[in-house]
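Let's take a walk through a protein model together, one piece at a time. Keep the picture turned towards you and look for each part as we come to it.

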Amino acid sequence: FAVRSGYTPFAPHLFYPQFLSDDDAEERELGISMGLAFLDGCKEVWVFGERISPGMAREIERASKRGIPVRYFNDQCEEVARK
């Protein structure tokens, strides 16, 4: 969806677990920290689905503090207003 829309997506929750263990608290925190650092260079943050995980909440909070627009989409990739 993002590529078809003309964007270059990055999903840290899919990338970092390829070499860091999500079951190891230290490695999980390292992955989240690296994802947050990467986020600083993003033009937008897209949030999909109804459930906001703790990691997603941290990304949303950081984007908001940095003035990075946060857009919300449902499971059908339709943009929705945040509840």
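Which residue in β3 does Tyr72 stand opposite? The partner is Val80. Before we build on that, please keep in mind that this is a predicted model.

Let's see where that pair sits. The model has an open sheet of 3 strands, arranged in the order β1-β2-β3 with mixed pairing. At the edges are β1 and β3 (79–80), each of which pairs on one side only. In general, the strands of a sheet pair through backbone hydrogen bonds, and they can do so either parallel or antiparallel. Both kinds appear here. The strands β1 and β2 run parallel and are joined by 4 bridges, while β2 and β3 pair in the antiparallel sense over 2 bridges.

Now follow individual residues across the sheet. Tyr72 in β2 has Val47 standing opposite, and Val80 in β3 is opposite Tyr72 as well. You can trace other pairs too: Trp46 stands opposite Arg71 in β2, and Phe73 stands opposite Glu79 in β3. As you look along a strand, it helps to know that in a regular strand the side chains alternate between the two faces of the sheet.

How does the chain get from β2 to β3? These two strands form a hairpin with 5 residues between them. Have a look at Cys77, which is found in the loop between β2 and β3. Most residues other than glycine have a negative phi. Cys77 is not a glycine, yet its phi is positive, about 60°. This residue is partly exposed, because its relative accessible area is 28%, which falls between the 20% limit for buried and the 50% limit for exposed.

The link between β1 and β2 takes another form. Here helix α3 (residues 54–66) joins in, and β1, α3 and β2 make a right-handed β-α-β unit. We can check the helix with a little arithmetic. At 1.5 Å a residue, the 13 residues of α3 should span 18 Å, and the end C-alpha atoms are 19 Å apart, which agrees.

Which residues of α3 are buried? They are Gly55, Ile60 and Ala63. These residues cover an arc of only 140° around the axis, so they are on the same side of α3. A general rule helps here: an α-helix has 3.6 residues a turn, so residues three or four places apart point the same way. The buried residues of α3 pack against α2 (25–39), β1 and β2. On the face turned away from that buried side, α3 carries the exposed residues Pro54 and Lys65. Just after the helix comes Gly67, with a positive phi near 75°.

Helix α2 deserves a stop of its own, and Leu39 is a good place to make it. Leu39 counts as buried because its relative accessibility is 5%, and the limit is 20%. What does Leu39 touch, leaving aside residues up to four places away in sequence? Its contacts are Val45, Glu59, Arg62, Ala63 and Ile68. You have already met one of these, Ala63, among the buried residues of α3.

Our last stop is the aromatic rings. The model holds 13 aromatic pairs. In one of them, the ring centres of Phe1 and Trp46 are 5.6 Å apart and the planes meet at 50°, so the pair is tilted. Phe1 lies in the segment before α1 (12–15) and Trp46 in strand β1 (residues 45–48), so this pair ties together parts that are 45 residues apart in sequence. Phe1 is partly exposed, with a relative accessible area of 32%, whereas Trp46, at 18%, counts as buried.

Trp46 has another ring partner. The centres of the Trp46 and Phe73 rings are 4.8 Å apart with their planes at 45°, so this pair is tilted. Here too distant parts of the chain are linked, since Trp46 is in β1 and Phe73 is in strand β2 (residues 70–73), 27 residues apart. Both Trp46 and Phe73 are buried. Step back, and you can find Phe1, Tyr7, Trp46, Phe48 and Phe73 together in one aromatic cluster.

Definitions and conventions:
Residues numbered from 1 in each chain as written. Predicted model: local features only at pLDDT ≥ 70, side-chain atom pairs only at ≥ 80, totals over all residues. Heavy atoms only, no water. Phe/Tyr/Trp six-rings, centres within 6.5 Å; stacked < 30°, edge-to-face > 60°. Buried < 20%, exposed > 50% of the residue type's maximum accessible area, 1.4 Å probe, protein only. Pairing = 2+ DSSP bridges. Right-handed = clockwise from strand over helix to strand, strands pointing away. Expected span 1.5 Å × (residues − 1). Arc of directions from axis to C-beta. Contact = heavy atoms within 4.5 Å.
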